[in-house]
Amino acid sequence: MNNRLQEIIKYKTGGRQNDFAAAMGWTPQYLTKLLKGENFGITPVKTLLEKLPEINARWLLLGQGEMLEMGKLFSLQREAFAQVQSILDLERFIPFMCPDELREFEEAVADSRVPVFNPARIAAWDRQLKERREEQEAIFNAAQAKSKELCRQRTAKKL
C-alpha cells in the first residue's frame with residue numbers, strides 16, 4: 001500500500017511529501033512512517049479517501065483497478081472548470097480594482113481558490129466596465145463616421 005501512497009503523492013503534489021503531509025493534516029514524520037509501511041491502518045486510509053474522493057478505494061486497498069474513479073474525476077474536472085470560469089468572470093474587472101482588491105485576487109489565484117468580493121463591489125465594477133465599453137464604442141463610431149466622410153470627400157474630388 002505504501003507504493004500506492006507514493007503514487008498518490010506524485011499525483012496530488014508532484015512528489016512533494018511535505019506538501020502532501022500538510023494537505024492531509026499529517027506531520028512529515030507520520031507520512032514517512034506510512035511510506036515505510038508502518039502504522040498503515042484504517043485511519044490514514046480513511047483520511048486519504050475523505051480528502052481525496054477521486055481515489056479509487058479498491059485500488060488503494062487492494063491494488064485493483066485504476067487509481068482515479070472516473071465519475072469522481074469528472075466531478076472534480078467540472079468543479080475545476082467552474083472555479084476557472086469564476087476567476088475569469090472576475091478577471092475582466094482587474095482594471096477597476098484597487099491595490100487591496102488586486103492583492104486579494106492575486107492571492108486567491110495563487111492559492112487555487114476563487115476570490116470573494118462584495119456583490120455591491122462587483123456591481124460597481126460591472127457599471128464601470130459598461131461605461132468604459134460605451135465610451136470606447138462612441139470613440140470608434142466617431143472615428144468610423146469621420147473615415148466615411150473623408151472617403152466620400154476624396155471620391156467626390158476625383159470626379
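Trainee: Which side chain does Asp100 meet in a salt bridge, with N to O at 2.3 Å?

Mentor: Bear in mind this is a predicted model, where local features need pLDDT of at least 70, side-chain atom pairs count only at pLDDT 80 or more, and totals for chains, interfaces and linings use all residues. Side-chain values use heavy atoms, leaving out hydrogens and water, and residues are numbered from 1 along each chain as its sequence is written. A salt bridge here is a side-chain nitrogen of Lys or Arg within 4 Å of a carboxyl oxygen of Asp or Glu. At 2.3 Å, the partner of Asp100 is Arg103.

Trainee: Which helix holds Asp100 and Arg103?

Mentor: Helices are DSSP runs (H or I, at least four residues), numbered from the N terminus. The two residues sit 3 apart, about one turn, and both lie in helix H7 (residues 99–110).

Trainee: How far apart along the chain are Lys12 and Glu54?

Mentor: Lys12 and Glu54 form a salt bridge, with their closest N and O atoms 3.9 Å apart. This pair links distant parts of the chain: Lys12 is in helix H1 (residues 2–13), while Glu54 is in the loop between helix H4 (42–51) and helix H5 (57–62), a separation of 42 residues.

Trainee: Is Glu54 buried or exposed?

Mentor: Buried means under 20% relative accessible area, exposed over 50%, and partly exposed in between (1.4 Å probe, protein chains only). Lys12 has 42%, so Lys12 is partly exposed. Glu54 has just 1%, so Glu54 counts as buried.

Trainee: How many salt bridges does a search of the whole structure find?

Mentor: Besides the pairs above, Arg152 and Glu149 meet at 3.2 Å, N to O. The whole-structure total of salt bridges is 9.
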